[in-house]
Amino acid sequence: MEHVTVIAPAKINLSLDVTGVDEKGYHLLDMVMQTISVFERITLTKQDSISISSNAKFIPTDEKNTAVKAAVKFFEYTGIQGGVHIHVKKTVPIKAGMAGGSADAAGVIVGLDYMYHTKLSMTQLCEIGLMVGSDVPFMIHGGTKRVQGTGNVILPAPPMPNCYIVVCMPQKGVSTPQAFANYDKIGVKTVVETDKLIQAMSDNNIYDVAKYLANDLEIAAQSDATQPIKKELIELGALGSVMTGSGAAVFGIFDDEKKAFKASKILRKKIKSVFLANPISFGASVKKKK
């Protein structure tokens, strides 16, 4: 297998609850995460060394790039003396809380497993992913999951009910380390009722799902755009709205496709990046040739 193409979806957080700090100083989280139909496209070509290119000029082209780090960790983990050229066609904005970089890393790990016929288990793929970043194991799994700890505990969750998701990325992104530092400094918790959110999904009740959207980092992200976008999404018909991850992207969920489409069209006139998406049931996946 000389060439492999992987489709790697972005994610949103339906909930994010900061539950503590471990002995190493990492924040412990309890989250409901969902992959959506906004995709990065990763093309892998077998070669002797590791290199990367992209349609995006702003991403690093060394081991600071999560995709490159993922390739390094894959070859270290498997003991394979191999290499790959990675081309990332970026769609997901950076510093958005949508895990675009983690999606790229997940795509590389899944793609290399296919390219080199290693047939690693999901557990093994996620072990490599966790060496790269806390969101990578979930981005390999995809779908709807309850994610705990530092991203290392991935639990099944009922699928998100059918709906339409409008995601808005403002001009200015948010640094994840800074958001957590601000959270520690501010010390203000949001009411995050994860069990009730899980129950709402189990009941296939999109209205209660919308009711229990919550994010502990929303205040700490200190993005001036968050509240105005949330307000406008609600005014345009969203059942509920919340910031995703550490920000700065904000999304609203709609039960009506026409309302969601109209909202996205209006918001595109004033916001940097707007996506109209659906929840999907998969993570990074090799695109098989027909």
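User: What handedness does the crossing of H1 past H3 have?

Analyst: H1 passes H3 in a right-handed crossing, the term for a near helix turned clockwise from the far one by less than a right angle (anticlockwise would be left-handed). This is a predicted model, with local features needing pLDDT of at least 70, side-chain atom pairs pLDDT 80 or more, and totals for chains, interfaces and linings using all residues. Numbering runs from 1 along each chain as its sequence is written, and side-chain values use heavy atoms, without hydrogens or water.

User: Why is H1 called oblique to H3?

Analyst: Helix H1 (residues 66-78) and H3 pack at an angle of about 130°, with axes 9 Å apart. H1 is therefore oblique to H3, as oblique covers what is left after under 35 degrees (roughly parallel), 65 to 115 (roughly perpendicular) and over 145 (roughly antiparallel).

User: Which residues of H1 and H3 meet?

Analyst: In H1, look for Thr66, Lys69, Ala70, Lys73, Phe74 and Tyr77; their partners in H3 are Gln124, Glu127, Ile128, Met131 and Val132. Contact here means heavy atoms within 4.5 Å. Six of these residues are nonpolar, two polar and three charged.

User: How do you know that Cys168 is in no disulfide?

Analyst: A disulfide needs two cysteine sulfur atoms within 2.5 Å. For Cys168, the nearest cysteine sulfur belongs to Cys163 and is 15 Å away. Searching the whole structure gives zero disulfides.

User: What makes Cys168 and Cys126 count as buried?

Analyst: Buried means under 20% relative accessible area (exposed is over 50%, partly exposed in between; 1.4 Å probe, protein chains only). Cys168 has 0% relative accessibility, so Cys168 counts as buried. Cys126 has 12%, so Cys126 counts as buried too.

Terms used
Axes are lines fitted to C-alpha atoms, for helices over the stretch in contact, and angles run from 0 to 180 degrees between N-to-C directions. Helices (H or I, at least four residues) and strands (E, at least two) are DSSP runs, numbered from the N terminus. Ala, Val, Leu, Ile, Met, Phe, Trp, Tyr, Cys and Pro count as nonpolar, Asp, Glu, Lys and Arg as charged, and the others, Gly among them, as polar.
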